[in-house]
Amino acid sequence: MSKTDLAAGAMVQDGERALSLPEAHRRGMAAAAELDLRVDCTAVLDGDPAVWTATLWRGDDPVPSGLGLGKGPSAAARVGAIFEALEHHLSGLRGLADGGPALRPAGEISRDPALRRDVALGLLGELPDGPMGCLPFRAVTSGAEVGVPLFLSVPDYLDEAAGPLRESLGDHYDYAGVSRYSCNNGWAAGTDPVEAAVHALNETIERDALSLLLIDQFLGRRPSPLVLIEASTLPDDLAALVSVAETILGRRPHLIDMTSDLGVPAVLAYLPAPDGAPARIRGAGASLSRHYAIARAVSELVQVHLASSLGTIHSAFAGMAPVRHDWTKPYPALHACYLADLRTRLAGATGVPYQETEAPATTAGHYDRLIDALCRRGFTPLRRDHYVTGNLAVVNVFVPGLERFMLVTDGQVVVPGERGMAVRNHGRAPWVDGEPMPPP
């Protein structure tokens, strides 16, 4: 297991970071300067865990979507905030006019073997045809280029402000039937494309795991017992992190193991919400290192709690923007998913001891193993290196077939895809001894 040396400011995050924290900080600041941006960093909470914010400015004005939140030990949280701010700024509409968008017919996209497993893109075959703005991705296995609709991972593309861009592309498609599936899933920034892709893959896997957990618990014909990692078995550093989180939150979080058949450890740090309120204060993490998955989930839980209580949640904070409207109310089953009230399930949960997992020592090792885990289960990741310099890489990863049902917690009326329906009908396949067990 990798160690954290706070005095030296070095944290390798179990091999997921390519450079030391001081060097990563230098690269992030240099990347901002190359864009003629100034970075303001503020500690919302300084310690272990810490929460930092980073805001990007050009002159006296904040730049669009230029806000990042970082979590973890203080030095890591500060660096994370800088890179997240750069990611949020660069993953929006900036540069798309000359960044390679092209048009593809919606009907063609819905029939594309590389794309049609995605629930939103599969729906296109049931909607009126027409050209859609797309960006080029490459299949990580074959290198084949695939045009992926912009709306899927660039929500800003659907905003009124993007009207001139859509007009210039000749994109007059009516996105009303699929806009609810739009989210900034699979975006990440790093000091190089491989590091960024590792973070993007883990985010995609984490959100798939959360989606499957919600489907199983609230839509499933035979919901599986929750699996709780026993706090008494945690190593000392994680036990200390949970203890500090309990002090900040006023309650001890539940650590739900939501690892899917992909075999990549995924953890939900869960706090029940008041009656009738959605469980929005939560943290999630996925990593080949179970140690880091837990640390990420608990740190994110603290981050969301503080951001919410201080009113600093920003639309750029993926998956945790304030819900403007709950569209699930007319649909009781979906509304239960929106609330995500797991209190009645906790009493019957299965407790398991903490077990460490072996994680690669390098970002390349993480990348290869994550790709292998997806390919072995029949998924072909698509990757776009959206912005790359010597100091910064912003990457978008899209894995057709993985679930984006977690959008139901934003109040969206979404349905499970093929993978989610299998869980609904047959239950989740627990991960035991390196291989998924068949459903009961």
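**Notebook: an aromatic cluster, an exposed aspartate and helix α8**

I looked up Y157 and found it buried, with a relative accessible area of 0%. The model is a predicted one, which I note here before going further.

**Aromatic pairs.** I next asked which residues make up the aromatic cluster. F151, Y157, Y173 and Y175 form one cluster. I counted aromatic pairs and the total came to three. One of them is F151 with Y175, with 5.4 Å from centre to centre and 50° between the planes, and I entered this pair as tilted. I then checked where the two residues sit. F151 is in the loop between β8 (145-149) and α5, and Y175 is in the loop between α5 and β9, so this pair ties together parts that are 24 residues apart in sequence.

I looked up whether these two rings are buried or exposed. F151 has 0% relative accessibility and counts as buried. Y175 is buried as well, at a relative accessible area of 8%. Both values fall under the 20% cut-off.

Y175 also pairs with Y157. I read 6.3 Å between the ring centres and 80° between the planes, so I put this pair down as edge-to-face. The angle is over the 60 degrees that this class needs. The pair links distant parts of the chain, with Y157 in the loop between β8 and α5 and Y175 in the loop between α5 and β9, 18 residues apart.

**D174.** I moved on to D174, which lies in the loop between α5 (163-169) and β9 (187-190). I get a relative accessibility of 58% for D174, so I list this residue as exposed. What does the side chain of D174 reach? I found the backbone nitrogen of A176 at 3.1 Å. I also checked D174 against G130, which is 44 residues away along the chain; their C-alpha atoms are separated by 8.5 Å.

**Helix α8.** Last, I looked at helix α8, which runs over residues 290-309 and has 20 residues. From its first C-alpha to its last I get 29 Å, close to the 28 Å expected at 1.5 Å a residue. How many residues of α8 are buried? I found 16 of the 20 to be buried, so I describe α8 as largely enclosed by the rest of the structure.

Definitions and conventions
Residues are numbered from 1 along each chain as its sequence is written. This is a predicted model: local features need pLDDT of at least 70, side-chain atom pairs count only at pLDDT 80 or more; totals for chains, interfaces and linings use all residues. Side-chain values use heavy atoms; hydrogens and water are left out. Helices (H or I, at least four residues) and strands (E, at least two) are DSSP runs, numbered from the N terminus. The expected span of a helix is 1.5 Å times one less than its number of residues. Buried means under 20% relative accessible area, exposed over 50%, partly exposed in between (1.4 Å probe, protein chains only). A polar contact is a pair of N or O atoms within 3.5 Å; within protein, one must be able to donate a hydrogen and the other to accept it, and residues adjacent in sequence count only if both atoms are side-chain atoms. Rings of Phe, Tyr and Trp (its six-membered ring) pair if their centres lie within 6.5 Å; planes under 30 degrees apart count as stacked, over 60 as edge-to-face and the rest as tilted.
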